[in-house]
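Biologist: Could you take a close look at one strand for me and tell me what it pairs with and how it is covered? A few words on some other spots in that chain would be welcome too.

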Amino acid sequence: MCSIYEATGATSGHLSQIRNSSVHHVEKSRLTSKWQATTMCNMDVQRVKDFTKPSYPDRKEFLRNRNLLGAVLLGTGLVTSACNKTETVHRTQGIVAQPARRLSGVILESPQPAKEAPPQPGDKPSR
Amino acid sequence: MDVTLCLTHACNMRCDYCYAGPKFARSMSWDTARRALDFAFAHTAEQAERTQHDPESQLGFFGGEPLLEWNLLKMATEYAVAEAGRIGIRLKRTVTTNMTLLGEEEALWLRENGFHVGLSLDGCAKMHDLVRRTSDGNPSHEICARALDFFRGSDANGEVILVVDPRTVELLAESVAWLIDGNIRRISFSPNFTVAWNPVALAKWKHAYTLIGDLYVGCYRNNRPVNINVFDGKIHARVNNGYRPCDRCGFGENEITVSTTGNFYPCERLVGDDSNAALRIGHVSDGFYSAPRNQFLANRGNVVAECSVCPVRGRCVNWCGCVNYAATGFINRVSGIVCYHERLCIEAADRVGGILFEENIPAFIDTFYLGCHR
Ligand code: SF4
Ligand code: SF4
């Protein structure tokens, strides 16, 4: 068993399941000429109707909530200009705040668009 | 403009799924390499002047196996660095290698010269040796694992590229675990869209992405984030509300691949054995061929009607010309298998993104919302 599975603890059952399930023999596929592939798969592009909205926000929403949260925390006195290095996690309006240590000094600033780092080779969408 | 030099058609491996075409002994001459670089840099400088942007270019080496032409690779790099410096171009460097010729010396040289190294390695021995064999039919994992040690020891920049194939997909999760265990933090999947995927293989693919998603979450929880392209790309695309223009490749516009004989192609995946004239858009001696190039540029994108109403179209790479061509024969028609995979990645990425956001994992927030670790 790979130790990473043990470290995360989440998937060891899954892994042994997949290891023991080589019962489904995947036939050795032939390299086909380009055009045949889709036909052989008998797959069409699907009309996608039922995609659920991701449960994590886009950047705009995130920054908006973070600033709202900053205002709430300031109002309740949870965040002051003196950082108390507390690691308490706050929950407000369905979003989880950073610990105050991370927030102080950030939320007091006016909203800043997140910096875009230059794309790197590994960041390109999969081809 | 980004330029990839296909240094040779020769390769000491015979991978089952290779899309680089038949293997034969034809390499690029120094003169062709030099002229290709001159062309790309002149184009880059002219473009920068026109758009008032800082000139940038990426030099890539591809093959066959480019390390078979190690001296040419070094010469071309030295020339490119000197020329780019003279013109004021910021130059990124990449090479994709099968690792069999990557020794300590090569790894150190690549690091010293600022290369991003694409290591073609299909994870653990069981998966890798099923499909990646040497030209005399022997397994190659042992050699590659040794090269991986040199790579790690050199501290070079790079990523492991795993081909996802129906023959090996059931070993994918195990392979990713093996890589993460070996402290590989950047992993890219390159699915083989040119073969038939039967329903059993598709189900295994889906299952594998669930398992790998769990690993991804575990790594973030342990504050040891791992980059996996199918998750990172889709989460970034969610956070940014779709792919941005800079996320897309240059496909013949800001990107060319030059074959050993000096022909220009829009992407390295289209070079093959360099015999398909319909895919060429220029030559080192003549520059761009306007008519075919303009046709390529005008036809980029995706014309499949179903996609126009798809709720995830902004996060789908249905516009990737080389993948579309490989799967359907048209650069602007996405195939069913790519559609399946895009939906699979988006669902898997949204599951892990939702968990990591809900748990407020700092590395996740920094990477995707604050841009610290991109
Ligand atoms: S190492 Fe690369 S070029 Fe060589 S056979 Fe394998 S996939 Fe093709
Ligand atoms: S997921 Fe499928 S239907 Fe939706 S845009 Fe992509 S290819 Fe088209």
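Modeller: Here is a walk around strand β6 of chain B, followed by a few other places in that chain. Keep in mind that this is a predicted model.

Let's start with the strand itself. β6(B) covers residues 186–191, and 6 of its 6 residues are buried. Looking at the side chains, B:Arg186, B:Ser188 and B:Ser190 point one way, while B:Ile187, B:Phe189 and B:Pro191 point the other way. Both sets are buried, B:Arg186 included.

Now for the neighbours. Strand β5(B), residues 157–164, runs parallel to β6(B), and 5 bridges join the two. Within that pairing, B:Ile161 has B:Ser188 as its bridge partner. Helix α6(B), residues 172–181, belongs to the picture as well: together with β5(B) and β6(B) it makes a right-handed β-α-β unit. β6(B) also pairs with strand β7(B), residues 227–228, again in the parallel sense, this time over 2 bridges. There, B:Ile187 stands opposite B:Ile228.

Next, a helix residue. B:Thr77 sits in helix α2(B), which spans residues 70–87. B:Thr77 counts as buried because its relative accessibility is 0%, and the cut-off for buried is under 20%. A polar atom of its side chain lies 2.7 Å from the backbone oxygen of B:Leu73. Leaving aside residues up to four places away in sequence, B:Thr77 touches B:Leu59, B:Phe61, B:Arg93, B:Trp109 and B:Phe115.

Then there is some backbone geometry in the loops. B:Gly63 and B:Gly64 are joined by a cis peptide bond, with omega at about 20 degrees. B:Gly64 is in the loop between β2(B), residues 56–62, and α2(B). That glycine turns up again around ligand 1, whose surroundings are B:Cys11, B:Met13, B:Cys15, B:Cys18, B:Lys23, B:Gly64, B:Asn98 and B:Arg132. By type, this shell splits into 4 nonpolar, 2 polar and 2 charged residues.

Two non-glycine residues have positive phi. One is B:Asn241, at about 60 degrees, in the loop between α8(B), residues 229–239, and β8(B), residues 255–258. The other is B:Asp274, at about 70 degrees, in the loop between β9(B), residues 263–265, and β10(B), residues 282–283. With a relative accessible area of 5%, B:Asp274 is buried.

How values were computed. Residues are numbered from 1 along each chain as its sequence is written. Chains are lettered from A and ligands numbered from 1 in the order in which they are written. This is a predicted model: local features need pLDDT of at least 70, side-chain atom pairs count only at pLDDT 80 or more; totals for chains, interfaces and linings use all residues. Side-chain values use heavy atoms; hydrogens and water are left out. A residue is near a molecule or strand if one of its heavy atoms lies within 4 Å of it. Ala, Val, Leu, Ile, Met, Phe, Trp, Tyr, Cys and Pro count as nonpolar, Asp, Glu, Lys and Arg as charged, and the others, Gly among them, as polar. Helices (H or I, at least four residues) and strands (E, at least two) are DSSP runs, numbered from the N terminus. Buried means under 20% relative accessible area, exposed over 50%, partly exposed in between (1.4 Å probe, protein chains only). A polar contact is a pair of N or O atoms within 3.5 Å; within protein, one must be able to donate a hydrogen and the other to accept it, and residues adjacent in sequence count only if both atoms are side-chain atoms. Contact means heavy atoms within 4.5 Å. Two strands pair if DSSP finds at least two bridges between them. A crossover is right-handed if, with the strands pointing away from the viewer, the path from the first strand over the helix to the second runs clockwise.
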